[in-house]
Amino acid sequence: MTSANGLGELMRDPDEAAARMNAWAQGLAEKAERYRAAQARTEEIRLTSANTDGSVRVTVRADGSVTDLDLSGRARTMPLDELSAQILATMRRAQAGIAARVAEVMQEEVGDEDPQTRSLLVDNLRSRFPDPDAGEDDEQAAAEPAEERPQARTDDDEENNPW
């Protein structure tokens, strides 16, 4: 006979109930550790892109923030508006790889255990950092108001992770 809440068998055997609760808690602790490992590895991600002539090189973190900007001597000869455009385009190309790299880390650390969470995270990153070479209209991006663009997180943020 089972109680109304479906816990009849557990109520009859407190040792079995305790064992199941301990197994459940252990499973949650292991899952939390896998997510901590994924977060730690994600925080270490650095992606670098260079423009075609190598005059601009940009490195970004998994949150999209720029960690390094290198300009070669050739950059000095570019008109400023072209240089600015090259920097932004190179940064966007570096950022476009974030979703794939985070997805790889999540697969390695969490596996197929939580596909919905992984999918939400990766889809969010893809929407924040689309591939600029995949046909996004640069005129549309230029016309987008600055306050609607995703803002890069700073070191002042409580946590430094993309989710």
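# Notebook: strands, helix α5 and salt bridges

I began with the sheet and found that β2 and strand β3 (residues 66-71) run antiparallel and are joined by five bridges. A reminder to myself before going on: this is a predicted model. As one example of the register between these two strands, I noted Thr-59 opposite Asp-68 in β3. I then looked at the turn: β2 and β3 make a hairpin with four residues between them, and Gly-64 in that turn has a positive phi of about 90 degrees.

**Other side of β2**

Next I looked up the partner on the other side, β1. β1 pairs with β2 in the antiparallel sense, again over five bridges. Here I wrote down Ala-50, which stands opposite Arg-57 in β2. The hairpin of β1 and β2 has five residues between the strands, and in it Gly-54 takes a positive phi near 80 degrees. How covered is β2? Mostly: five of its six residues are buried.

**Asn-51**

While in that hairpin I stopped at Asn-51, which is found in the loop between β1 (46-50) and β2 (56-61). Is Asn-51 buried or exposed? I found Asn-51 buried, with a relative accessible area of 5%. The side chain of Asn-51 reaches the backbone nitrogen of Ser-55 at 2.9 Å. I also listed what Asn-51 touches, leaving out residues up to four places away in sequence: Val-56, Met-78, Gln-86, Thr-90 and Arg-93.

**The whole chain**

I stepped back for an overview. The chain has six helices and three strands. From the N terminus on, I read the order of elements as α-α-β-β-β-α-α-α-α. Of the 163 residues, 28% count as buried. I also checked the contacts between residues at least 6 apart in sequence, and 56% of them join residues at least 24 apart.

**Helix α5**

I picked α5 for a careful check. What span should its 14 residues have? At 1.5 Å a residue they should span 20 Å, and the end C-alpha atoms are 20 Å apart, which agrees. I then listed the buried residues of α5: Arg-118, Leu-121, Val-122, Leu-125 and Arg-128. Looking down the helix axis, I saw these buried residues fall within an arc of 125 degrees, so they line one face of α5. The face turned away from that buried side carries the exposed residues Gln-116, Leu-120 and Ser-127. What covers the buried residues of α5 includes α4.

**Salt bridges**

I moved on to charged pairs. Side chains of opposite charge can pair when their charged atoms come close. How many salt bridges are there? I got a count of ten.

I stayed with α5 for one of them, the salt bridge of Asp-123 with Arg-126, whose closest N and O atoms are 3.6 Å apart. Both residues lie in helix α5, three residues apart, which is about one turn of the helix. Asp-123 counts as partly exposed at 42% relative accessibility, and Arg-126 is partly exposed too, with a relative accessible area of 47%. I also noted that salt bridges sharing partners join Arg-41, Glu-108 and Glu-109 into one network.

In helix α2 I found the side chains of Arg-36 and Glu-33 meeting in a salt bridge at 3.2 Å, N to O. Arg-36 and Glu-33 are separated by about one helical turn, because they are three residues apart in α2. Arg-36 counts as partly exposed at 48% relative accessibility; Glu-33 counts as partly exposed at 45%.

My last entry is the salt bridge between Asp-114 and Lys-31, with the closest N and O atoms 3.5 Å apart. Which parts of the chain does this pair link? Distant ones: Asp-114 sits in the loop between α4 (98-109) and α5 (115-128), while Lys-31 is in helix α2 (residues 14-43), 83 residues apart. I looked up the accessibility of each partner as well. Asp-114 is buried, with a relative accessible area of 14%, whereas Lys-31 counts as partly exposed at 26% relative accessibility.

Methods
Residues are numbered from 1 along each chain as its sequence is written. This is a predicted model: local features need pLDDT of at least 70, side-chain atom pairs count only at pLDDT 80 or more; totals for chains, interfaces and linings use all residues. Side-chain values use heavy atoms; hydrogens and water are left out. A salt bridge is a side-chain nitrogen of Lys or Arg within 4 Å of a carboxyl oxygen of Asp or Glu. Buried means under 20% relative accessible area, exposed over 50%, partly exposed in between (1.4 Å probe, protein chains only). The expected span of a helix is 1.5 Å times one less than its number of residues. The arc is that of the directions from the helix axis to the C-beta atoms. Contact means heavy atoms within 4.5 Å. A polar contact is a pair of N or O atoms within 3.5 Å; within protein, one must be able to donate a hydrogen and the other to accept it, and residues adjacent in sequence count only if both atoms are side-chain atoms. Two strands pair if DSSP finds at least two bridges between them.
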